Amino acid sequence: KWLAKITSSYIVFHGAVLVTCAIALLACCDNRHNASYVFTDVTSASGWTPIGFSFLFGFLSVSWSTYPHDFLFIAMALTYVLGWLFTIVLAFTMGDPADALASEYGQPVIQIYYNNLGKAGAIFYAVCAFLILNTVCLTAIHSLARTVFAFSRDQLIPGARLWKKVDKRTD
């Protein structure tokens with residue numbers, strides 16, 4: 001039960017951050033791109049051909065799961081939908097892509113926050129993103145630990161006997 005409460009709180013936090021950030025960016029952006037630019041202009045500097053690959057690779061960040069894989073399906077669906085919508089908001093509000101990429105901070109998304117929301121807004125949403133991303137890393141480490149244990153249990157990796165030990169006190 002406590003894990004479900006933590007997960008629910010995290011889902012609400014993540015959703016609230018994405019929704020409020022999207023609203024703030026759209027409300028404060030003076031120079032929005034039009035829908036034609038956002039949905040049809042594909043500029044590739046990656047060298048991938050055909051150019052459609054560049055478009056598809058732009059959605060990879062949306063595919064990252066921000067919730068542990070064994071929790072609610074609705075959390076995963078929320079991640080995909082909100083992440084995709086937030087990526088669209090970033091495309092509308094990013095201004096000149098070259099300026100965002102040439103950020104002195106080395107973080108284009110934070111530069112987009114800074115350009116549209118000012119210093120305080122950029123710091124606030126950067127800290128929120130940091131908290132969310134660290135939680136993603138914790139769930140990834142948890143998942144990896146379970147995978148290593150399962151492979152060790154089945155003698156599928158070198159040094160399996162070291163990794164498959166289970167503490168007798170905590171089981």
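Visitor: How many salt bridges does the count come to?
Guide: Welcome! What you see above is a predicted model. Side chains of opposite charge can pair when their charged atoms come close. A salt bridge here needs a side-chain nitrogen of Lys or Arg within 4 Å of a carboxyl oxygen of Asp or Glu. By this rule the count comes to two.

Visitor: Which residue forms a salt bridge with R169?
Guide: Let's start with how open R169 is: its relative accessibility is 74%, so it counts as exposed. Its partner is partly exposed, with a relative accessible area of 34%. The closest N and O atoms of the pair lie 3.3 Å apart, and the partner is D167.

Visitor: What is the N to O distance in the salt bridge of D154 and R153?
Guide: D154 has a relative accessibility of 43% and counts as partly exposed. R153 is partly exposed too, with a relative accessible area of 47%. The side chains of D154 and R153 meet with an N to O distance of 3.5 Å.

Visitor: How many helices are there in the protein?
Guide: Try following the chain along its sequence: the pattern reads α-α-α-α-α-α-α. There are zero strands, and the number of helices is seven.

Visitor: Which helix gives the most to the nonpolar patch?
Guide: The patch on the surface is formed by F13, I123, V127, F130 and L131, with about 460 Å² of accessible area together. One helix, covering residues 108–153, supplies four residues of the patch. That helix is α6.

Visitor: Is F130 buried or exposed?
Guide: You can find F130 in helix α6, and it is one of the residues of the nonpolar patch. Exposed means over 50% relative accessible area. F130 has 54%, so the word for it is exposed.

Visitor: Is S152 buried or exposed?
Guide: S152 also has its place in helix α6. Leaving aside neighbours within four places in sequence, S152 is in contact with I157, A160, W163 and K164. Buried means under 20% relative accessible area. S152 has a relative accessibility of 0%, so it counts as buried.

Visitor: How far apart in space are A22 and L90, C-alpha to C-alpha?
Guide: A22 is found in helix α1, which covers residues 2–28. Its relative accessibility is 13%, so A22 counts as buried. With neighbours within four places in sequence left aside, A22 is in contact with F86 and V89. A22 and L90 are 68 residues apart in sequence, yet their C-alpha distance in space is 8.0 Å.

Visitor: Which residues does C21 touch, not counting residues up to four places away in sequence?
Guide: The largest nonpolar core has 19 residues, and C21, L25, F86, L90, Y113 and Y125 touch the most other members. Helices α1, α4 (73–93) and α6 each supply at least two residues of this core. Beyond the residues up to four places away, C21 touches F86, Y113 and Y125.

Visitor: What share of the residues of the protein count as buried?
Guide: Seen from outside, the accessible surface comes to about 11,700 Å², of which 69% belongs to carbon and sulfur atoms. For a single residue, buried means under 20% relative accessible area. Of the 171 residues of the protein, the share that counts as buried is 28%.

How values were computed
Residues are numbered from 1 along each chain as its sequence is written. This is a predicted model: local features need pLDDT of at least 70, side-chain atom pairs count only at pLDDT 80 or more; totals for chains, interfaces and linings use all residues. Side-chain values use heavy atoms; hydrogens and water are left out. Patches are made of residues with over 30% relative accessible area and no salt bridge: like charges are joined within 9 Å, nonpolar side chains (Val, Leu, Ile, Met, Phe, Trp, Tyr) within 5 Å. Accessible areas come from the Shrake-Rupley method with a 1.4 Å probe; for residues, only the protein chains shown count as cover. Buried means under 20% relative accessible area, exposed over 50%, partly exposed in between (1.4 Å probe, protein chains only). Contact means heavy atoms within 4.5 Å. A nonpolar core is a set of buried Ala, Val, Leu, Ile, Met, Phe, Trp, Tyr and Cys residues joined through side-chain atoms within 4.5 Å.
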